[in-house]
Amino acid sequence: MPGWFRWCAIAGAAFVALGCGGDAPPPDPPVVAPPIDLEPDIEPPPEPLHTDPLGPRFPHEPGAFAPSQMELAGTPQEDLANVAQCAPCHADVVAHWQSSAHAHASFDNPWYRPTVDEFRRVRGPEASRFCAGCHDPVLLVSGAMDAAVVRPDDPAAHAGITCLVCHSVTEVRPDGNASFTLDVAPAFLPDPNSAAEVAAHVARMTPRPLRTAGLCGSCHRSFVNEDMGSPHHLGGIDDIGAWRRSVYANAHAERIEVEPPVEQICQDCHMAPEDALTDLARDDTGRVRSHRVAAAQTSLLAQTDPAAFARAQDRLRGSATVDVAAVRFGNEWRLPAESAVAVPGAFAFDVVVFNRDTGHRFPGGTRDLQDLWLEVEVSNGEQVLASAGTEHADTPDPTAFTLRAVLLDEDGRPDLTHMVHRFRALAFDRSLEARDALVVRYSGDLPDDVDLTGLTIRAHLRHRRHPAAMRTLACRATRDARGRAFARATRRFGGTPIDGCAEAPITEISGAQITLGHALPTAEVLWPRLNQYAIGLLHGVQERLDEARPVLARALEIAPGDRARAATHVLRARVAARQGRLEEALAEAALAEEALPGAPPTQRAVGHAYAQVWQWEQAARAYGAVAAMAPGDVFAWRDLARARGSVDTVDPIATVDAAAHGLGLGPRNPDLLRSQSLAVTEGPDVERLRQIFLRYRVPDQQPQLLRACQRDVPECDRDRQPIPEITLRSITTPNSEAP
């Protein structure tokens, strides 16, 4: 069995090494580190010792509300949907909630109703409990979700996620799909003049999970499986997992931050305090936590709360940044881009998108239903010479790069309207982890009959809540007979219907403009740009990793302090590690350790360097240090379990312990389930662990479906590449022929 485990790891590493083809510019000569001892002077801190190692961990199975993971404690109450009873004491909070996505999570939402109606038609009402656990807990508890039709005149179909849902959650689990326990005993409503009754009310309405990220994560993590129409397990939304891996959750293991952002949980960003006029929950400053739970729901907020819409747009602006990092004429890359001088003929430039302020993936939520795209223009001051993505605001533009996830149906075609029962495989996910970067490469030709003096490149990142196909579906669902019936019922219940045909607002997230030949930035401005560019290039295929070397060499020259030097050395170590240059990677890691002792990313780089050349004992020591310093990072436990399971003499207890820690964060992570299964070779759990791994492994047909998508959908092949390459659309000039 240990040999099988090592074979899997070797095969995986070999697959990565194959990479993808493509003509790359001649790389700079590689930096060759001096020979050093293969045991670097980077002593890992001791791994956590467990007197009682964790045994195998199994995913939580759904109960009475399967396939939803929701569970009940107590007897269902009649007032679970009764928000009005909260308003006399909490008028501000109720007013916030009324405009929120939580209040419009149910069948009154034209972006949700057509997808759940179709799901119910194909899979049946009971299967739609999967949707209801998070979108319609009131319908689920009442049993109305099991009816053949959810009626427009049922108030529960307009309830959404009410006050008593979140404020009655007594337990949360990491599984997702509504992995919470709801205490549905009647709420205690106090006499505001009785301190004892108020205290009892507060105790009832503030259960332990309420102010934790786990409460949000119980729904902001999802998956589908055979119960929902997919023949196998397929992961979906995972904002909680992405947050736990980030610096915002104190998981500082991926890369060194020169200025680490403030640690925050979900509520800190999405429920920031607001001034309150009369709410009895006001603090001493006269504020309450906002219950708008606002994020990127701009289409909804534009209709329900213009002031909240404006605040949401303000928050979106600058959450990610855009930069034009480098320009190439012929085979020569110049960085920063401003240092280049334009000449006619073939040219290219790299645009970098950096997730600066979002504590999870950007975009987050339903990543297949976000419309986030890049627009670029090349001009000479008088006319636009080339562009890409500039028509996307009006119609899907094939030259627009969109940051999104793409799910495939059984024919390998992208599903563009979130019909989850059709999902069969993930084609790619081009959203960005927190503090991660993406490089998009644009290329074209500059004519020789126009003035190229002052050539300017502009890049803009723009966002709209839903892509075109989903906007069309929502508009149709608003105008059909069922949509009109829901609108009438919404008015009878005192609400304002949501119009899926309303023009969707567009938010400018960030923009950049550089003019070739103009003044160069200072080192303080340039270093972060180089750092982000290198982070993006590090995602490239192995054959093209040398493109990051001159960027990192320049960054090291101008690094403003020890943390910046350490950050650069870690990235240089990661480049060398991926190329199998063990000695060079260890030398860079040693320099990073010297500049900033005890940083988890340094140990991760060491672990990756040893793992790439299959020296698993050394890799396990380094990964153990990472897990000890960043215990909330599921990837740390994944790497540690894989390394422990790949050593010559496998310690099954230690391997299972690492896997079980990781599965406590991501219960259906296929890599962890595989490590756990392979480590247990005897005992009563052997077959059960094997079957669980087989159930949750990556779909066998994913490569086949992806090939079909690459063959039939041009953007599918382009956008799945680690560094997508887009050909600019040339603009006809008076003295040139149309291309």
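## Disulfides and aromatic contacts in a predicted model

C501 is partly exposed, with a relative accessible area of 25%. This cysteine belongs to a predicted model, and its bonding partner is C475, with the two sulfur atoms 2.0 Å apart. C475 likewise counts as partly exposed, at 25% relative accessibility. The two residues come from distant parts of the chain: C475 is in helix 13 (residues 468-479), while C501 is in the loop between helix 14 and strand 18 (507-515), and 26 residues separate them.

### The disulfides

How many disulfides does a search of the whole structure find? The search gives three. Counting the bonded cysteines along the chain, their pattern is 1-2, 3-4, 5-6. The table lists the sulfur distance, the angle about the S-S bond and the handedness of each link.

| Disulfide | S to S distance | Angle about the S-S bond | Handedness |
|---|---|---|---|
| C134 and C219 | 2.2 Å | -100° | left-handed |
| C475 and C501 | 2.0 Å | 95° | right-handed |
| C709 and C716 | 2.1 Å | 120° | right-handed |

The disulfide of C134 and C219 has its sulfur atoms 2.2 Å apart. C134 lies in helix 4 (residues 129-135) and C219 in the loop between helix 8 (213-217) and strand 4 (221-224), so this disulfide ties together parts that are 85 residues apart in sequence. The two ends differ in burial class: C134 is buried, with a relative accessible area of 15%, whereas C219 counts as partly exposed at 22% relative accessibility.

In the disulfide that joins C709 to C716, C709 is buried, with a relative accessible area of 0%. C716 counts as buried too, at 3% relative accessibility.

### Cysteines without a bond

Why is C86 not bonded to C163, which holds the closest cysteine sulfur? The two sulfur atoms are 3.9 Å apart, which is too far for a bond, because a disulfide requires sulfur atoms within 2.5 Å. C86 counts as buried, at 14% relative accessibility. C266 is also in no disulfide; its nearest cysteine sulfur belongs to C216 and is 4.0 Å away. At 18% relative accessibility, C266 counts as buried, because the class covers values under 20%.

### Aromatic pairs

The structure holds six aromatic pairs. One of them is formed by F107 and F486, which are stacked, with 6.4 Å from centre to centre and 15° between the planes. This pair links distant parts of the chain, 379 residues apart: F107 is in the loop between helix 2 (91-98) and helix 3 (113-123), and F486 is in helix 14 (residues 481-492). Both F107 and F486 are buried.

F329 and F347 form another stacked pair, at 6.1 Å centre to centre and with 20° between the planes. F329 lies in strand 8 (residues 320-329) and F347 in strand 10 (residues 345-355), so the pair ties together parts that are 18 residues apart in sequence. F329 counts as buried at 13% relative accessibility, and F347 is buried with a relative accessible area of 3%. Together with F349 and Y442, F329 and F347 form one aromatic cluster.

### Charges over rings

Where does the charged end of R688 sit? It is placed over the ring of F58, 3.6 Å from the ring centre. In another such contact, R638 lies over the face of F635, at 4.4 Å from the ring centre.

Conventions:
Residues numbered from 1 in each chain as written. Predicted model: local features only at pLDDT ≥ 70, side-chain atom pairs only at ≥ 80, totals over all residues. Heavy atoms only, no water. Phe/Tyr/Trp six-rings, centres within 6.5 Å; stacked < 30°, edge-to-face > 60°. Helix = DSSP H or I, 4+ residues; strand = E, 2+ residues; numbered from the N terminus. Buried < 20%, exposed > 50% of the residue type's maximum accessible area, 1.4 Å probe, protein only. Lys NZ or Arg CZ within 6 Å of the ring centre and 35° of its normal.
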